[in-house]
Amino acid sequence: MLINPWMKKYLGLALACALGTASLTGCGGNGSGTPSGNGNAGGVTIGVTSFADTLEPTEQYFSWVVSRYGIGETLVRFDETGELTPCLAENWSISDDQLTWTFQIREGVKFSNGDDMTPEMVKASLERTFEKSDRAATFFDPASITVDGQNLMITTKEPVAILPGSLADPLFLIVDTNVDDSTFAMQGPICTGPYAVESFSPTDACVVVRNEHYWGGDVPLDRVTLKCVDDQATRSMALQTGEIDIAYNLKTENVAEFENDSNITIQQMQSLRSTYAFMNQKGALSDLTLRQAVIRGLDRETYCNKLLEGGATAGKAPVPPTLDFGFDTLKDENAYDPEGAKKLLADAGYKDTDGDGFVETPTGEKLNLEFVIYTSREELNVYAQAAQANLKDIGIQVTLNTVSYETLLDMRDAGQFDMLIWNVLVANTGDPEKYLRENWYSTSSSNQMGYSNAEVDAMLDQLLTTFDEAARKDLIIRIQQEIMDDAATIFFGYETTYLFSNNRVTGVTMYPMDYYWLTQDIALAA
């Protein structure tokens with residue numbers, strides 16, 4: 001049963017083009033325009049942004065790395081069009097009372113250490129995830145997980161419409177629980193993917209090698225190095241010089257750097273990602289008027305069209321226009337209006353009494369909003385700096401606090417921020433339900449900004465058990481409008497995603513759900 005009617009037809013690759021030839025010189029290159037692949041004749045080097053300080057998949061969102069690096073797999077996965085497709089489960093069905101999902105576990109699958117993956121081991125892996133991860137129960141809360149032959153049955157206390165899509169999230173990748181799992185953090189989990197961890201350094205690289213026991217057929221590459229290159233310009237140069245073969249998270253401005261290089265293929269996709277900023281309602285931003293003024297003071301069209309050179313669509317709502325959830329019909333009462341923002345502040349008693357150019361609160365206290373950001377995605381820094389400048393223009397002082405992604409997670413969970421930037425997939429289970437619930441449900445562990453709206457909670461609870469597509473769409477549109485009307489969050493933009501690769505490698509594919517970077521399909525060109 002597939003619950004994913006929302007992907008627009010153009011969601012597939014919008015562009016895949018080879019560019020002209022250039023003579024490349026510089027550190028690490030061979031000066032001939034033919035990349036060296038970092039001297040890795042039997043493998044490939046991929047330039048990535050650092051993301052995880054551990055490979056333990058139940059920690060934070062670090063299971064994404066385990067999936068992206070070709071190490072771990074889930075029962076179901078998303079294909080190139082965003083549709084659910086079988087993986088470690090061959091098929092699935094739901095009972096008449098909509099409480100029990102049955103997954104037929106694929107036979108003949110082995111873990112990378114040679115152990116057989118049985119339905120009992122799948123059960124043990126899922127139970128481990130629910131035991132170790134607070135996030136797991138935010139997807140669904142199983143009343144029981146049982147095994148009958150090759151079938152694994154998950155029963156819930158109430159219907160869960162998106163359960164199969166939830167199991168496609170990398171958090172639920174299947175690990176061998178018969179081994180010492182204390183080694184997973186630094187040595188990597190034992191999984192079923194085409195590759196297994198050889199070495200891992202959080203700030204340097206993760207090296208993976210062919211899984212000789214892979215169930216899906218031959219794995220083309222002996223070894224792949226996933227090299228951490230956080231700086232966007234450095235990552236681009238590394239691709240130009242041949243230090244890396246594939247570069248993730250390059251942007252529109254990098255396209256021009258390869259316009260004369262016929263060795264490089266660039267793929268482009270309209271993103272399912274949203275960049276937004278939480279506003280903490282446990283502090284100064286508990287004032288709705290201040291939140292409205294902040295949002296109205298931000299020129300998001302300019303950020304996306306000019307500063308990011310058209311590499312993003314300006315934001316206003318939780319769900320981007322690449323998904324069919326009413327983006328064009330949603331009313332944005334807090335669209336860019338700096339003069340209106342100033343009037344809101346003045347009418348509410350925010351005044352600059354000391355002449356420093358920044359308003360004080362109605363009670364006369366200094367107002368200085370801390371904006372916590374991380375910059376492994378360059379566009380986040382662009383948004384944050386532009387927002388700081390725009391808000392200065394309307395008299396609101398903002399101080400940027402740049403931290404690592406791992407620290408940002410800790411600060412989010414502790415509620416230690418006024419504003420905090422975030423960038424996520426909005427349909428990580430196939431539609432936006434999980435994303436909306438995780439961020440704006442009043443008691444969600446991820447909602448540390450104090451946002452609470454009883455109507456939003458009620459609609460999210462209703463959405464959980466709603467299977468009808470039209471009813472789900474209506475609920476999601478209504479939830480978005482409430483969040484927008486509450487001025488709960490700053491929606492900056494929805495970025496275009498790029499994937500740059502050298503033609504010495506083949507099989508490089510973009511996925512709407514960016515859980516899959518290194519796949520079995522990637523090989524060296526003949």
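Two elements are said to be in contact when they have heavy atoms within 4.5 Å, and in this predicted model helix α2 (residues 119-132) lies across β6, β7 and β8 (151-156), running at about 165° to β7. The briefing below takes up the sheet to which these strands belong, then a pair of packed helices, and then the two pockets with the greatest volumes, described as the largest and the second largest.

**The sheet and its helix**

- Four strands make up an open sheet, arranged in the order β5-β6-β8-β7 with antiparallel pairing.
- The edge positions belong to β5 (89-94) and β7 (142-148), and because each has a single partner strand, one side of each is left without a neighbour in the sheet.
- On average, and with direction ignored, neighbouring strands of this sheet are turned by 20° against each other.
- The edge strand β5 pairs with β6 (residues 100-105) in the antiparallel sense over 5 bridges, and the bridge partner of Trp92 in β6 is Phe103.

**The α13 and α14 pair**

- Helix α13 packs against helix α14 (residues 454-464) at an angle of about 145°, the two axes being 11 Å apart, and α13 passes α14 in a left-handed crossing.
- On the side of α13 the contact is made by Glu433, Leu436, Arg437 and Trp440, while α14 brings Val456, Asp457, Leu460, Asp461, Leu463 and Leu464.
- Sorted by class, this contact of α13 with α14 holds 6 nonpolar and 4 charged residues, with no polar ones.

**The largest pocket**

- The largest pocket has a volume of about 350 Å³, and 22 residues line it, of which Glu73, Arg77, Cys87, Tyr214 and Thr519 lie nearest its centre.
- The lining of the largest pocket is divided into 12 nonpolar, 7 polar and 3 charged residues.

**The second largest pocket**

- The second largest pocket contains about 260 Å³ of space, and its lining is formed by 16 residues, of which Ala137, Thr138, Phe140, Arg437 and Leu464 lie nearest its centre.
- The elements giving two or more residues to this lining are α3 (136-139) and α13 (433-440), and α3 gives the most, with 3 residues.
- By class, the lining of the second largest pocket comprises 6 nonpolar, 5 polar and 5 charged residues.
- Which residues tie this pocket to the helix pair described above? Arg437 and Leu464, which lie nearest the centre of the second largest pocket together with Ala137, Thr138 and Phe140, also take part in the contact of α13 with α14.

How values were computed
Residues are numbered from 1 along each chain as its sequence is written. This is a predicted model: local features need pLDDT of at least 70, side-chain atom pairs count only at pLDDT 80 or more; totals for chains, interfaces and linings use all residues. Side-chain values use heavy atoms; hydrogens and water are left out. On a 1 Å grid over the protein atoms alone, a cavity is a set of points where a 1.4 Å probe fits but cannot get out, and a pocket is an open set with protein on both sides within 12 Å along at least five of seven lines; lining residues have an atom within 4 Å of a point. Grid points are joined across faces, edges and corners, and a volume is the space filled by probe spheres set on the points. Ala, Val, Leu, Ile, Met, Phe, Trp, Tyr, Cys and Pro count as nonpolar, Asp, Glu, Lys and Arg as charged, and the others, Gly among them, as polar. Two strands pair if DSSP finds at least two bridges between them. Axes are lines fitted to C-alpha atoms, for helices over the stretch in contact, and angles run from 0 to 180 degrees between N-to-C directions. A crossing is left-handed if the near helix is turned anticlockwise from the far one by less than a right angle, and right-handed if clockwise.
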